[in-house]
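Colleague: I am new to this structure and would love a friendly tour. Could we look at it together and talk it through?

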Amino acid sequence: MRAKVDDDLCIACGNCIETCPEVYEWNDDESLAISKYVNEDVPEDLEECAREGLESCPVEAITEE
Ligand code: SF4
């Protein structure tokens, strides 16, 4: 899987980063979350964490591809 954060939807609540910092992080000015795995697959041992982060998003800004 890959995880993508939609810039237009993210409200910078920080849930995904708190839930799974291995996959999600702040952008440079902490105005939105970004995924470390947009262009490459999430390692298998981080997939569960990545999905928990996805599910923690209150505005459904994260999608799995
Ligand atoms: S949980 Fe959703 S809204 Fe909150 S920082 Fe992550 S992507 Fe943005």
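Modeller: Gladly! One term will help us from the start: a residue counts as buried if 20 or more other C-beta atoms lie within 10 Å of its own. Please also keep in mind that this is a predicted model.

Colleague: With that term in hand, what share of the 65 residues in the protein is buried?

Modeller: The count runs over the 65 residues of the protein. Those that qualify as buried make up 23%.

Colleague: In what order do the helices and strands run from the N terminus on?

Modeller: There are two helices and four strands to place. Starting at the N terminus, the order of these elements is β-α-β-β-α-β.

Colleague: What radius of gyration does the protein have, and how does that sit with a compact globule?

Modeller: The C-alpha atoms fill a box of roughly 30 × 20 × 20 Å along the principal axes. A compact globule with 65 residues would come out near 11 Å, and the protein agrees with that, because its radius of gyration is 10 Å.

Colleague: Which residues have the most contacts inside the largest nonpolar core?

Modeller: This core has 13 residues. Both β1 (3-5) and α2 (47-55) supply at least two residues each to this core. The residues with the most contacts inside the core are Ala3, Cys16, Val23, Ala50 and Ile62.

Colleague: Cys16 is on that list. Which residues does Cys16 touch once its neighbours within four places in sequence are left aside?

Modeller: Cys16 has a place among the residues with the most contacts inside the core, and Cys16 is also among those that come nearest to the ligand. Beyond its sequence neighbours, Cys16 is in contact with Tyr24, Ala33, Gly53, Ser56, Cys57 and Ile62.

Colleague: How do the residues around the ligand divide into nonpolar, polar and charged?

Modeller: There are 14 residues around the ligand, and Cys10, Cys13, Cys16, Ala33 and Cys57 come nearest. By type, the shell holds eleven nonpolar, three polar and no charged residues.

Colleague: Over what arc do the buried residues of α2 spread around the axis?

Modeller: The residues in question are Ala50, Gly53 and Leu54, which are buried in α2. They share one side of α2, because around the axis they cover an arc of only 100°. As a rule, an α-helix has 3.6 residues a turn, so residues three or four places apart point the same way. For α2, then, the value is 100°.

Colleague: Which exposed residues sit on the face of α2 turned away from its buried side?

Modeller: The buried side of α2 is covered by elements that include β1, α1 (15-19), β2 and β4. On the face turned away from that side, the exposed residues are Glu48 and Glu55.

Colleague: Is Glu30 buried or exposed?

Modeller: Glu30 lies in the loop between β2 (24-26) and β3 (33-35), and its phi is positive, about 55°, although Glu30 is not a glycine. Most residues other than glycine have a negative phi. As Glu30 has 11 C-beta neighbours inside 10 Å, the class is exposed.

Colleague: And what is the phi of Glu60?

Modeller: Glu60 is placed in the loop between α2 and β4 (62-64). Glu60 counts as exposed because it has 10 C-beta neighbours inside 10 Å. Its phi is positive in a residue other than glycine, with a value near 50°.

Colleague: Which residues does Asn27 touch, not counting those up to four places away in sequence?

Modeller: Asn27 is found in the loop between β2 and β3. With 13 C-beta neighbours inside 10 Å, Asn27 counts as partly exposed. Not counting residues up to four places away, Asn27 touches Leu32 and Ile34.

Colleague: Where is Ile17, and which residues are in contact with Ile17 beyond four places in sequence?

Modeller: Ile17 has its place in helix α1. Because it has 18 other C-beta atoms within 10 Å, Ile17 is partly exposed. Leaving aside neighbours within four places, its contacts are Tyr24, Glu25, Trp26 and Ala33.

Colleague: One last one: is Ile11 buried or exposed?

Modeller: Ile11 is found in the loop between β1 and α1. There are 12 other C-beta atoms within 10 Å of Ile11, so the class is exposed.

Definitions and conventions
Residues numbered from 1 in each chain as written. Predicted model: local features only at pLDDT ≥ 70, side-chain atom pairs only at ≥ 80, totals over all residues. Near = placed C-beta within 6 Å. Nonpolar A, V, L, I, M, F, W, Y, C, P; charged D, E, K, R; others polar. Core = buried A, V, L, I, M, F, W, Y, C linked by C-beta atoms within 7 Å. Contact = placed C-beta atoms within 7 Å. Arc of directions from axis to C-beta. Rg over C-alpha atoms; globule rule 2.2 N^0.38 Å.
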